[in-house]
Amino acid sequence: MKTDKLIWIPRVLAIIFIVFISLFALDAFSGDASFIKKLGGFLRHLIPTLILVLTLLISWKKPLLGGSIFILLSIAFAFFFKTNRSLLTFLAVTFPVALVGILFIAFDLAAKKKGEI
């Protein structure tokens with residue numbers, strides 16, 4: 001399999017993870033607050049999604065840079081969301097972001113080594 005086709009693996013994984021993390025924002029609509037406050041909470045919960053989407057867009061054109069950003073984001077997620085306290089939350093929130101970053105970097109370097117990019 002050509003490495004230019006392998007670059008789709010981290011892209012698809014990133015999209016799946018972005019959809020997964022976005023589902024948590026729907027939690028903002030529960031409770032007794034007004035719709036405006038719920039909408040504000042929803043938009044605030046979508047900030048990580050926006051950051052991940054922007055990083056994916058960067059990775060689409062510059063996989064090495066985007067992969068590095070994904071790895072940095074995984075470290076930031078570990079501390080900001082405190083996923084380093086629980087293995088399950090670490091595996092659900094931090095590890096996929098790091099994996100996507102590693103895959104972007106690995107497939108980009110492999111493609112450059114073969115001269116496909």
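**Figure 1. Lys38 and its contacts in the predicted model.** Leaving aside neighbours within four places in sequence, Lys38 touches Ala28, Phe29, Ser30, Gly31 and Ala33. This view, like the others here, comes from a predicted model. Lys38 sits in helix 3. Is Lys38 buried or exposed? With a relative accessible area of 16%, Lys38 is buried, since the cut-off for that label is under 20%. For a sense of scale, take Ala78, which is 40 residues away from Lys38 along the chain: the two C-alpha atoms are separated by 26 Å.

**Figure 2. The two sides of helix 3.** Here we step back from Lys38 to the helix that holds it. The buried residues of helix 3 are Lys38, Gly41 and Phe42. These residues cover an arc of only 105° around the axis, which puts them on the same side of helix 3. Turned away from that buried side are the exposed residues Ile36, Lys37, Leu43 and Arg44. A handy reminder while you look: an α-helix has 3.6 residues a turn, so residues three or four places apart point the same way.

**Figure 3. Helix 4 and the helices around it.** Helix 4 covers residues 47-61. Its 15 residues, at 1.5 Å each, should span 21 Å, and the end C-alpha atoms are 22 Å apart, which agrees. Which residues of helix 4 are buried? They are Pro48, Thr49, Leu52, Thr55, Leu56 and Ser59. Looking down the axis of helix 4, you would find these buried residues within an arc of 125°, so they line one face of the helix. On the other side of helix 4, Leu50, Leu57 and Lys61 are exposed. The buried residues of helix 4 pack against four partners: helix 2 (8-23), helix 3 (35-45), helix 5 (63-80) and helix 6 (87-114).

**Figure 4. Helix 2, one of the partners of helix 4.** Helix 2 is among the helices that the buried residues of helix 4 pack against. The 16 residues of helix 2 should span 22 Å at 1.5 Å a residue; the end C-alpha atoms are 23 Å apart, which agrees. Its buried residues are Pro10, Arg11, Ala14, Phe17, Ile18, Ile21 and Ser22. They fall within an arc of 135° seen down the axis of helix 2, so they line one face of the helix. The face turned away from this buried side carries Ile16 and Leu23, both exposed.

**Figure 5. Val100 and its contacts.** Val100 is found in helix 6. Its relative accessible area is 4%, and Val100 is therefore buried. What does Val100 touch, leaving aside its neighbours within four places in sequence? Its contacts are Pro10, Leu13, Ala14 and Phe70. Two of these, Pro10 and Ala14, also appear among the buried residues of helix 2. As for Phe70, it is 30 residues from Val100 in sequence, with 6.9 Å between the C-alpha atoms.

**Figure 6. From the exposed Phe80 to Lys82 in the loop.** Phe80 belongs to helix 5. At 63% relative accessibility, Phe80 counts as exposed, the cut-off being over 50%. The C-alpha atoms of Phe80 and Phe20 are 18 Å apart, with their places 60 residues apart along the chain. Lys82 is located in the loop between helix 5 and helix 6. A backbone detail to check here is phi: Lys82 has a positive value of about 55° although it is not a glycine. Most residues other than glycine have a negative phi. Lys82 is partly exposed, with a relative accessible area of 42%.

**Figure 7. The whole chain, as a guide to the close-ups.** The chain has 6 helices and 0 strands, and follows the pattern α-α-α-α-α-α along the sequence. Its C-alpha trace spans about 60 × 30 × 20 Å along the principal axes. Of the 117 residues in the chain, 37% are buried. Among contacts with a separation of 6 or more, 62% are between residues 24 or more positions apart. The accessible surface comes to about 7500 Å², and carbon and sulfur atoms account for 75% of that surface. Turning to charge, the chain has 13 positive and 5 negative charges, and their mean positions are 5 Å apart.

How values were computed:
Residues are numbered from 1 along each chain as its sequence is written. This is a predicted model: local features need pLDDT of at least 70, side-chain atom pairs count only at pLDDT 80 or more; totals for chains, interfaces and linings use all residues. Side-chain values use heavy atoms; hydrogens and water are left out. The expected span of a helix is 1.5 Å times one less than its number of residues. Buried means under 20% relative accessible area, exposed over 50%, partly exposed in between (1.4 Å probe, protein chains only). The arc is that of the directions from the helix axis to the C-beta atoms. Contact means heavy atoms within 4.5 Å. Accessible areas come from the Shrake-Rupley method with a 1.4 Å probe; for residues, only the protein chains shown count as cover. Lys and Arg count as positive and Asp and Glu as negative; His and the chain ends are not counted. The place of a charge is taken as NZ of Lys, CZ of Arg, CG of Asp or CD of Glu.
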